[in-house]
Amino acid sequence: MSEHKEEDETLDEVEVSSFKEVWHQVAGHKDHGSTPGFLMGPNGRLYKNISHDARGEKEECFYKKVFSDEKFTRFRDFIPTYYKTILYQNVRFMALSDACYGFKVPCGSDIKVGSVDYNSQDSSTKQEVHKKKVLGIAPILGFRFAGANVYNATDKTVQKLDKGWGLSFTVENAAKKTEEYFNDKKTIRRDVLPSLIRQLTDLLEYYTQQKLFWLCRSSLLVVYDGLTPEKGTVKMIDFAHNTTQENPSDNTYVEIGLRNLIDILSHIHRGQTAEWKYDT
Ligand SMILES: Nc1ncnc2c1ncn2[C@@H]1O[C@H](COP(=O)(O)OP(=O)(O)O)[C@@H](O)[C@H]1O
Ligand SMILES: [Mg+2]
């Protein structure tokens, strides 16, 4: 556990007493040993545990830079808001905005973008381990679902599409599989797609023209409302591995992933899932 920093704030009792488990979490760490990975606070705040190892601190550095350096102003729209770092039971947590706040039934998906699960700053052993872990279709499509929650409007439950589901994507079935995430058993939720496609297109446009940083092992957090028509949001999350080095090997695959995802969502929106073909 890392030492707490001078500037960390301790929380008052009211805020602490309202902490809840994050019931809408899709993927990632539920806990780090005996401490929770995430906590949900009042007023749409989510607290991410960053005390576990160096990755937490790297992610905190990234958020602090983005929210203090004006060069990143535009990028702030595409990620959760970073408020501050707090100390809770001697564990450091980043206070972030909860992308699912205000959703009646948040149907979230954690979509890893890029082709590789390592970056060239990792040791070569680590790179080998991660290469072996890259299963499924991520190197070709440039994205992979780590998990998703989807509302079943027939029995009014939320169902989990797990990592295994994400790894079952192929070049042939990728559009059909992605459509499962928008299928609430009564209808395909095409109504939420225009807004999601627009947000992803804005992100792609921003990302391809900027030279400030490169994403590595980050995820898109896509959320739509299982009950409210046309309500959806897209945020980029998980910045423990971002790099500002030159010539990052994975970068073009982040763009490929975004383009393929946008293309697939557009096909689902037009009811043309069967016609979608991987464009080599
Ligand atoms: N700002 C946020 N708003 C809503 N949900 C979030 C937010 N950040 C993370 N999550 C949830 O937690 C999961 C894991 O987040 P992530 O930052 O990738 O953690 P890890 O470092 O453990 O992989 C995501 O899939 C998402 O469900
Ligand atoms: Mg993650």
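Of the contacts in the chain between residues at least 6 apart in sequence, 71% join residues at least 24 apart. This is a predicted model, and the chain that makes these contacts carries 8 helices and 12 strands. Buried residues account for 38% of its 280 residues.

As for confidence, the chain averages a pLDDT of 87, with 84% of the residues scoring at least 70. The low point is helix α3 (residues 124-133), with a mean of 57, while strand β12 (residues 232-237) comes out highest, at 98. Anyone planning to work with α3 will want to keep that mean of 57 in mind.

Next comes the ligand. Ligand 1 is surrounded by 21 residues, and the closest are G28, H29, P80, D110 and D238. Three elements give two or more residues to this shell: β5 (45-49), β8 (106-113) and β11 (219-225). By residue class, the shell splits into 11 nonpolar, 6 polar and 4 charged. Both domains take part, since domain 1 (9-97) and domain 2 (106-275) each supply at least three residues to the shell around ligand 1.

One of those contributing strands, β5, also pairs with β7, in the antiparallel sense and over 5 bridges. Within this pairing, Y47 sits opposite A95 of β7. Strand β6 (residues 82-88) pairs with β7 too, again in the antiparallel sense, here over 6 bridges. In that case I86 has F93 of β7 as its bridge partner. So β7 has antiparallel pairings with both β5 and β6, and how enclosed is this strand by the rest of the structure? Largely, because 6 of the 7 residues of β7 (residues 91-97) are buried.

The connection from β6 to β7 is a hairpin with 2 residues between the strands. In the turn, Q89 has a positive phi of about 50 degrees. Most residues other than glycine have a negative phi, which makes backbone angles of this kind worth a look. Two further cases turn up in loops. N43, in the loop between β4 (38-40) and β5, has a positive phi of about 55 degrees although it is not a glycine. R217, found in the loop between α7 (193-209) and β11, is not a glycine either, and its phi is positive at about 60 degrees.

Are these two loop residues buried or exposed? N43 has 9 C-beta neighbours inside 10 Å, so it counts as exposed, a class that takes in residues with 12 or fewer. R217 has 21 such neighbours inside 10 Å and therefore counts as buried, the cut-off being 20 or more. Each loop leads to a strand that gives residues to the ligand 1 shell: the N43 loop runs to β5 and the R217 loop to β11, both of them listed among the shell's contributing elements.

Finally, there is Y278, in the segment after α8 (251-269). Its C-alpha atom is separated by 6.3 Å from that of V171, although the two residues are 107 apart along the chain. With 15 C-beta neighbours inside 10 Å, Y278 counts as partly exposed.

Methods:
Residues numbered from 1 in each chain as written. Chains lettered and ligands numbered in written order. Predicted model: local features only at pLDDT ≥ 70, side-chain atom pairs only at ≥ 80, totals over all residues. Near = placed C-beta within 6 Å. Helix = DSSP H or I, 4+ residues; strand = E, 2+ residues; numbered from the N terminus. Nonpolar A, V, L, I, M, F, W, Y, C, P; charged D, E, K, R; others polar. Domains from an automatic or database assignment. Pairing = 2+ DSSP bridges. pLDDT = per-residue confidence, 0-100. Contact = placed C-beta atoms within 7 Å.
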